[in-house]
Structure formats: structure tokens, C-alpha cells
Amino acid sequence: MAAIAVVAGAGALQAEEVVTPSGLSVEFLDRIVETQADGETWLTLRFVTPRIGDDEGELGYDQVADDIDALCDIEGVKAATETGKVDQLMIALMDRAVQRGEHDPEATMFIGAYLLTEGGCVWQ
């Protein structure tokens, strides 16, 4: 069983707007640190933007994939430094805030999983 710690607004990441290199505006939701059964530490950063989804005028995964990568390289690396040893880093981009563990069939969520290297985030 994984140990979970949710740290909202910790350190440099506050409930504030972050603008990605493409100009997409996202809001930081929370930071989740989990210790896995094998001892690995996983860090998840969750961000919200109502602009993603499958409907007309919304942005799909292909249009925001580079933004998810940038969130890892910028915000994820900072958060991992504050957290300490991180074996896996995940960036979740959602169209609405969804309580962790709740099912919301109307919500859109795109997730990128990364390993941290000296050069930054490497997509998995």
C-alpha cells in the first residue's frame, strides 16, 4: 500500500496561474507525494485549465503535450527539488478540479509520466 501526502500550495507552487510556453494558462491544484510499496517516491503535480477536452474549440492531448512537458521541466523540477528524492514525476492536466480518487466521467485529464535526469524530465 502506498503512503500518500497531499501538499497543496507548498513551497514555490501556490494556488496561482502558470502560463506555459505555448501561452496556455493553467492553475496549480495540488502536489501529491506517494511512497510506493517498493520504496520509490512518486510526485504528482495537478493543474487545471478549462481549455482542454474533446469538444469544438477545446485543446486535445496533441495540442497540449508540449505544455505538459514544459510543466514538468519548470514546475516539476522545482517541486522535486523541494520534495527530495523523487523516482517518478507525473503531471496531470485537468479541465476541472477533481477530488483525488473520485470518478468524474465528464472530466478530461491528460497525464504525463517522467523520470528526472540532470537534463530535466524524460517522458516515459
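# Notebook: strands, rings and a pocket

I began at the C-terminal end, where L115 stands opposite V122 in β7. The model is a predicted one. I then looked up the pairing around that position: β6 and strand β7 (residues 120-123) run antiparallel and are joined by four bridges. The connection between β6 and β7 is a hairpin, made through two residues.

**Entry: the chain as a whole.** I listed the secondary structure and found one helix and seven strands in the protein chain. In sequence order the pattern reads β-β-β-β-α-β-β-β. I noted the burial next: of the 124 residues in the protein chain, 43% are buried. I also looked up how far apart in sequence the contacts reach. Among contacts in the protein chain with a separation of 6 or more, 55% are between residues 24 or more positions apart.

**Entry: strand pairing.** I followed the pairings from β3 onward. β3 and β4 are antiparallel and pair over eight bridges. Within this pairing I recorded E27, which stands opposite V48 in β4. β3 and β4 form a hairpin with five residues between them, and I noted that G39 in the turn has a positive phi of about 95°.

I next took the other pairing of β4. β4 and β5 run parallel, joined by seven bridges. As an example from that pairing, I recorded L89 in β5 as the bridge partner of L43. β5 in turn is joined to β6 by six bridges, and these two strands run antiparallel. There I found M94 opposite M109 in β6.

I also checked the burial of β4. Seven of the eight residues of β4 are buried, so this strand is largely enclosed by the rest of the structure.

**Entry: aromatic pairs.** How many aromatic pairs are there? I found two. F28 and F47 make an edge-to-face pair, at 5.8 Å centre to centre and with 70° between the planes. F28 belongs to strand β3 (residues 25-35) and F47 to strand β4 (residues 41-48), so this pair ties together parts that are 19 residues apart in sequence. I looked up the accessibility of both rings. F28 is buried at 2% relative accessibility, because the cut-off for buried is under 20%. F47 is buried as well, with a relative accessible area of 0%.

I then turned to Y61 and F110. Their ring centres are 5.6 Å apart and their planes stand at 75°, so I entered the pair as edge-to-face. Y61 is in helix α1 (residues 61-83) and F110 in strand β6 (residues 109-117), so the pair ties together parts that are 49 residues apart in sequence. Are Y61 and F110 buried or exposed? Y61 is partly exposed, with a relative accessible area of 32%, whereas F110 is buried at 12%.

**Entry: the largest pocket.** I looked up the volume of the largest pocket and recorded about 160 Å³ of space. Which residues line the largest pocket? I listed E34, T44, R46, M90, A92, V98, Q99, R100, G101, E102, M109 and I111. The elements that contribute two or more residues to this lining are β4, β5 (88-94) and β6. By residue type, the lining of the largest pocket divides into five nonpolar, three polar and four charged residues. I noted that M109 of the lining also appears in my pairing entry, opposite M94.

**Entry: V19 and T20.** I closed with two consecutive positions. V19 lies in strand β2, and its relative accessible area of 52% makes V19 exposed. Setting aside residues up to four places away in sequence, V19 touches L24 and S25. I also looked up the separation of V19 from D67: these residues are 48 apart along the chain, and their C-alpha atoms are separated by 9.2 Å.

Where is T20 found? T20 is in the loop between β2 (17-19) and β3. At 6% relative accessibility T20 is buried, whereas V19 is exposed. Which residues does T20 contact, leaving aside neighbours within four places in sequence? I found D67 and L71.

Conventions. Residues are numbered from 1 along each chain as its sequence is written. This is a predicted model: local features need pLDDT of at least 70, side-chain atom pairs count only at pLDDT 80 or more; totals for chains, interfaces and linings use all residues. Side-chain values use heavy atoms; hydrogens and water are left out. Rings of Phe, Tyr and Trp (its six-membered ring) pair if their centres lie within 6.5 Å; planes under 30 degrees apart count as stacked, over 60 as edge-to-face and the rest as tilted. Buried means under 20% relative accessible area, exposed over 50%, partly exposed in between (1.4 Å probe, protein chains only). On a 1 Å grid over the protein atoms alone, a cavity is a set of points where a 1.4 Å probe fits but cannot get out, and a pocket is an open set with protein on both sides within 12 Å along at least five of seven lines; lining residues have an atom within 4 Å of a point. Grid points are joined across faces, edges and corners, and a volume is the space filled by probe spheres set on the points. Ala, Val, Leu, Ile, Met, Phe, Trp, Tyr, Cys and Pro count as nonpolar, Asp, Glu, Lys and Arg as charged, and the others, Gly among them, as polar. Contact means heavy atoms within 4.5 Å. Two strands pair if DSSP finds at least two bridges between them.
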